[in-house]
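Here's a quick briefing on a small fold, one strand pairing at a time. Have a look at the model first, then read on.

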Amino acid sequence: METRPDGAPLMVCKYCLLYELGHCRKHNPMKNEPRHLRMANDTLLDIIFDCKNCEMQIWEHKQ
Ligand SMILES: [Zn+2]
């Protein structure tokens, strides 16, 4: 799992978007996983998947 050196995620979801898409890393890994989430107000967020724990972290997007 990728880790961020500082700060905390905006949100940790007990829900895996990859699983929803049928591409959980545990079962059916995907070549080009989604890395970002674009909100309705055009804010870009980073997604970090933690399939080992079936969690997904949402981070503020950093350039
Ligand atoms: Zn998963």
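Let's start at the hairpin: β3 and β4 form it with 4 residues between them, and Cys54 in the turn has a positive phi of about 50°. Strands here are DSSP E runs of at least two residues and helices are H or I runs of at least four, numbered from the N terminus. Keep in mind that this is a predicted model: local features need pLDDT of at least 70 and side-chain atom pairs count only at pLDDT 80 or more, while totals for chains, interfaces and linings use all residues. Residue numbers run from 1 along each chain as its sequence is written.

**The sheet**

- Within that hairpin, strand β3 (residues 44-50) pairs with β4 in the antiparallel sense over 6 bridges; to count as paired, two strands need at least two DSSP bridges between them.
- Phe49 is the residue standing opposite Met56 in β4.
- Met56 also turns up as the β4 bridge partner of Cys13, while Val12 has Gln57 as its partner in β4.
- Those last two belong to the antiparallel pairing of β1 (residues 11-13) with β4 (residues 55-60), which runs over 3 bridges.
- Put together, you get an open sheet of 4 strands in the order β1-β4-β3-β2, with antiparallel pairing.
- β1 and β2 (36-38) sit at the edges with a single partner strand each, so one side of each has no neighbour in the sheet.
- On average, neighbouring strands of this sheet are turned by 30° against each other, direction ignored (axes are lines fitted to C-alpha atoms).

**The whole chain**

- There's 1 helix to go with the 4 strands, and along the sequence the pattern reads β-α-β-β-β.
- The radius of gyration, taken over C-alpha atoms, is 12 Å, which agrees with the value near 11 Å for a compact globule of 63 residues (the rule is 2.2 Å times the number of residues to the power 0.38).
- Just 6% of the 63 residues count as buried, meaning 20 or more other C-beta atoms within 10 Å of a residue's own; 12 or fewer is exposed, in between is partly exposed, and C-beta atoms are placed from the backbone.
- Of the contacts with a separation of 6 or more, 49% join residues 24 or more positions apart (contact means C-beta atoms, placed from the backbone, within 7 Å).

**His61**

- His61 lies in the segment after β4 and counts as partly exposed, because it has 14 C-beta neighbours inside 10 Å.
- Beyond its neighbours within four places in sequence, His61 contacts His36, Leu44, Leu45 and Asp46.
- The C-alpha atoms of His61 and Asp46 are 5.2 Å apart, with the two residues 15 apart along the chain.

Note on methods: Two residues are in contact if their C-beta atoms, placed from the backbone, lie within 7 Å. Axes are lines fitted to C-alpha atoms, for helices over the stretch in contact, and angles run from 0 to 180 degrees between N-to-C directions.
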